[in-house]
Amino acid sequence: MKAERLDKILSGTGRFSRAEARTLIRAGLVTADGAVERDPGAKLSRGAAVTVRGEPLDTAEFVYYMLNKPAGTVSGAAPEGAYPPVTDLLPEHLRRRGLSCVGRLDADATGLLLLTDDGDYAHRVTSPRSELPKTYRIRVDGPLTETDVRALAEGVTLRSGTEYRPAELSVDPEDDTLALVTVTEGKFHEVKNLMASRDRRVLSLERVSPRSGREPCAGGGAAADRGGSSSGIYIKLLKYYYDFCAILALKATKLRKSLHFFGQFLLKNHKK
Ligand code: URA
């Protein structure tokens, strides 16, 4: 692992400026691998155990957070009209790290968003080549039928000429205005446009994939820390899932689809 200056490692966490980091180190308030380190230029690996004023510091180069996006926020970096960026909900030290959303959700949409400062990773999982399945729980303004299920499974072409890859629609057996939709592209307003092509308007849209949305997780706008907690462990698993899907999508699309349908089966049963 590449060695880095201690002051840079401290400031890279977003909790301290470089000047604050130097002051803390020179004051003897920082330990590295169990010993006080007073040299801001001391070279350490990212895996080193660092404490500041006795508190352990997460020195990971990249962080991955899962956030339950509330309606009325945007996934881009800048406000859109009255809607603030969802990253405004993060604690100050994470805002300073400059985390970005992996993929996007409309301002009125809710649900799972990944946030990271690992640009390569974000690019890899959002690339259309990754064909990463994304599942949304939607409510629409009228009943959905088998004809709608078949139309989406065949792929939709809008009058404008925009083409959408086949999508999976799974209608709730007890309420035909509720459904899970799984898409693999991530085009702008994809789910709303697919529903509009079936003369249905989306009233609510929540991204649940690959979670069912029922497990305990970071609630309304709070970020879940990836270290230690059960939701932290989940986030690591989630990242592996994303990596796994992306690799399989490139190398064995059919196998990934079978796995995905198996995932959907688990999801539906979990819902019951
Ligand atoms: N499809 C949409 O229409 N909106 C979203 O936010 C995500 C997918």
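1. In which strand does Val140 lie? In this predicted model, Val140 belongs to strand 10, which spans residues 134-140. The residue is buried, because 25 other C-beta atoms lie within 10 Å, against a threshold of 20 or more. Setting aside residues up to four places away in sequence, Val140 touches Thr177, Met195, Arg200, Arg201, Val202 and Leu203. A further relation across the sequence concerns Asp176: the C-alpha atoms of Val140 and Asp176 are separated by 8.9 Å, although the two residues are 36 apart along the chain.

2. The overall composition may be noted next. The protein chain contains 8 helices and 15 strands. Of its 272 residues, 29% are buried. When contacts between residues at least 6 apart in sequence are considered, 59% of them join residues at least 24 apart.

3. The largest nonpolar core holds 36 residues, and those that touch the most other members are Tyr65, Leu113, Leu115, Ile138, Val181, Val191 and Leu194. At least two residues of this core come from each of strand 7 (64-69), strand 8 (100-102), strand 9 (110-116), strand 10, strand 14 (175-183), helix 6 and strand 15. Another core, of 10 residues, lies apart from it; Leu6, Ile9, Val30 and Val50 are among its members. As general background, nonpolar side chains in soluble globular proteins tend to be buried together.

4. Leu113 merits a separate remark. Not counting residues up to four places away in sequence, its contacts are Leu67, Lys69, Ser75, Val86, Cys101 and Leu105. Leu105 is also one of the residues around the ligand.

5. The ligand shell consists of Leu105, Asp106, Ala109, His189, Glu190, Val191, Lys192 and Leu205. By class, the shell divides into 4 nonpolar, 1 polar and 3 charged residues. Helix 6 (residues 190-196) gives the most to this shell, with 3 residues. Val191 appears both in the shell and among the core residues that touch the most other members.

6. His189, another residue of the shell, is found in the loop between strand 14 and helix 6. Its phi is positive, at about 55°, although the residue is not a glycine. His189 counts as partly exposed because it has 14 C-beta neighbours inside 10 Å, whereas a residue is exposed at 12 or fewer and buried at 20 or more.

7. On the other side of helix 6 in sequence, Arg198 sits in the loop between that helix and strand 15 (202-207). Is Arg198 buried, exposed or partly exposed? Arg198 is partly exposed, because 17 other C-beta atoms lie within 10 Å. Its contacts, not counting residues up to four places away in sequence, are Asp148 and Ala151. Arg198 and Ala151 are 47 residues apart in sequence, yet their C-alpha atoms are 8.4 Å apart.

8. Strand 14 also takes part in a hairpin, being joined to strand 13 through 2 residues. Strand 13 (residues 168-172) and strand 14 are antiparallel and pair over 5 bridges. One of the bridge partnerships links Glu168 with Thr182 of strand 14.

9. An open sheet of 4 strands, with antiparallel pairing, has the order 3-2-5-6. Its edges are strand 3 (35-36) and strand 6 (55-57), each of which pairs on one side only. Strand 2 (residues 30-32) and strand 5 (residues 50-52) form 3 bridges in the antiparallel sense. Val30 has Val52 of strand 5 as its bridge partner, and Val30 is also a member of the core of 10 residues.

10. The loop between strand 2 and strand 3 contains Asp33. Asp33 shows a positive phi of about 50° and is not a glycine. This residue counts as exposed because it has 12 C-beta neighbours inside 10 Å, and 12 or fewer is the criterion for that class.

11. Helix 2 (residues 18-26) has Ala21, Arg22 and Ile25 as buried residues. Down the helix axis, these buried residues fall within an arc of 100°, and therefore they line one face of the helix. Their cover includes helix 1 (6-12) and strand 2. Just after helix 2, Gly28 adopts a positive phi of about 75°.

How values were computed: Residues numbered from 1 in each chain as written. Predicted model: local features only at pLDDT ≥ 70, side-chain atom pairs only at ≥ 80, totals over all residues. Pairing = 2+ DSSP bridges. Contact = placed C-beta atoms within 7 Å. Near = placed C-beta within 6 Å. Nonpolar A, V, L, I, M, F, W, Y, C, P; charged D, E, K, R; others polar. Core = buried A, V, L, I, M, F, W, Y, C linked by C-beta atoms within 7 Å. Arc of directions from axis to C-beta.
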